[in-house]
Amino acid sequence: MAEQRLIDTVAWVRIEDGKILCARPRGKDVFYIPGGKREGAETDLQTLLREIEEELTVALLPETVAHVGTYEAADNGLLVRMSCYTADYHGTLAASSEIDALAWFAYADRELVPPVDQLLFDDLVAAGQLS
């Protein structure tokens with residue numbers, strides 16, 4: 001049996017008023033938790049800081065970054081691993097040239113995100129953080 005290809009990502013978990021920030025990349029029809037794949041030998045922190053600045057035009061404050069969980073799920077024949085972090089930020093959230101739209105999702109919007117993101121939604125609602 002062929003080994004599944006692993007997509008290793010990091011994601012920024014930003015919750016406000018019981019809703020989580022999601023982004024839809026340009027040319028895609030699915031919303032994701034903001035973040036992305038590491039480049040070369042980047043650490044999770046380096047990847048997170050770079051990706052969020054590229055996607056949302058804000059600077060995460062490194063001293064506030066905290067790991068909240070790592071999730072894995074199969075998606076279209078790939079295994080996706082998403083290491084999730086919370087962090088405070090400086091700046092104004094805005095969609096960059098890479099992002100078509102930003103949205104705040106409640107648990108009712110769970111079906112609009114990929115399987116690995118749905119696992120995070122489940123944990124957040126169980127912890128009383130997602131409405």
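## Sheets, helices and cores in a predicted model

I33 touches A11, W12, I20, L21, C22, M82, D117, L120 and F121, leaving aside residues up to four places away in sequence. The structure is a predicted model, and the account below starts from the core around this residue.

**The cores**

The largest nonpolar core has 21 residues. Those that touch the most other members are I20, C22, I33, F105, L120 and F121. Two or more residues of this core come from each of β1 (5–12), β3 (19–25), β6 (66–75), β7 (78–86), β9 (99–105) and α2 (115–126). With four residues, α2 gives the most to this core. A second core is separate and has 10 residues, including L21, L48, L60 and A87. In soluble globular proteins, nonpolar side chains tend to be buried together.

**The four-stranded sheet**

One open sheet is made of four strands in the order β4-β1-β7-β6, with mixed pairing. β4 and β6 stand at its edges with a single partner strand each, so one side of each has no neighbour in the sheet. From one strand to the next, the twist averages 20°. Helix α1, residues 44–56, packs on this sheet and touches β1, β4 and β7. The direction of α1 makes about 120° with that of β4. Helix α2 also takes part here: α2 lies across β6 and β7 and runs at about 135° to β6.

The pairings within this sheet are as follows.

| Strand pair | Sense | Bridges |
|---|---|---|
| β1 and β7 | parallel | eight bridges |
| β1 and β4 | antiparallel | three bridges |
| β6 and β7 | antiparallel | nine bridges |

Individual residues show how these strands line up. Between β1 and β7, I7 stands opposite V80, and T9 stands opposite M82. M82 is also among the residues that I33 touches. On the β4 side, V10 has G36 as its bridge partner. Between β6 and β7, the bridge partner of A74 is L79.

β6 and β7 form a hairpin with two residues between them. In its turn, N76 has a positive phi of about 55°.

**The three-stranded sheet**

Another open sheet is made of three strands in the order β2-β3-β9, and its pairing is antiparallel. The edge strands are β2 (15–16) and β9, and each pairs on one side only. β3 and β9 are joined by six bridges in the antiparallel sense. R24 stands opposite A101 in β9.

Helix α2 lies across β2, β3 and β9 and runs at about 165° to β3. This helix therefore appears in the description of both sheets, as α2 also lies across β6 and β7. L120 and F121, two of the core residues that touch the most other members, are also among the residues that I33 touches.

**The cysteines**

The structure holds zero disulfides. C22 is in no disulfide, and the nearest cysteine sulfur, that of C84, is 11 Å away. What keeps C84 from a bond with C22? The separation of 11 Å between their sulfurs is too far for a bond. A disulfide is a covalent bond between the sulfur atoms of two cysteines.

Is C22 buried or exposed? C22 counts as buried because its relative accessible area is 0%. C84 is likewise buried, with a relative accessible area of 0%. C22 is also one of the residues that touch the most other members of the largest nonpolar core.

**A loop residue**

Where does D29 lie? D29 is in the loop between β3 and β4 (35–37). D29 counts as exposed because its relative accessibility is 70%, and the cut-off for exposed is over 50%. D29 and E63 are 34 residues apart along the chain, and their C-alpha atoms are separated by 34 Å.

**The annotated span**

In an unreviewed entry, UniProt lists residues 4–126 as "domain: Nudix hydrolase". This span is 20% helix and 41% strand. The C-alpha atoms at its two ends lie 29 Å apart.

Conventions: Residues are numbered from 1 along each chain as its sequence is written. This is a predicted model: local features need pLDDT of at least 70, side-chain atom pairs count only at pLDDT 80 or more; totals for chains, interfaces and linings use all residues. Side-chain values use heavy atoms; hydrogens and water are left out. UniProt positions are given in the numbering used here, feature names are shortened, and annotations may be inferred rather than shown by experiment. A nonpolar core is a set of buried Ala, Val, Leu, Ile, Met, Phe, Trp, Tyr and Cys residues joined through side-chain atoms within 4.5 Å. Buried means under 20% relative accessible area, exposed over 50%, partly exposed in between (1.4 Å probe, protein chains only). Contact means heavy atoms within 4.5 Å. A disulfide is a pair of cysteine sulfur atoms within 2.5 Å. Two strands pair if DSSP finds at least two bridges between them. Axes are lines fitted to C-alpha atoms, for helices over the stretch in contact, and angles run from 0 to 180 degrees between N-to-C directions.
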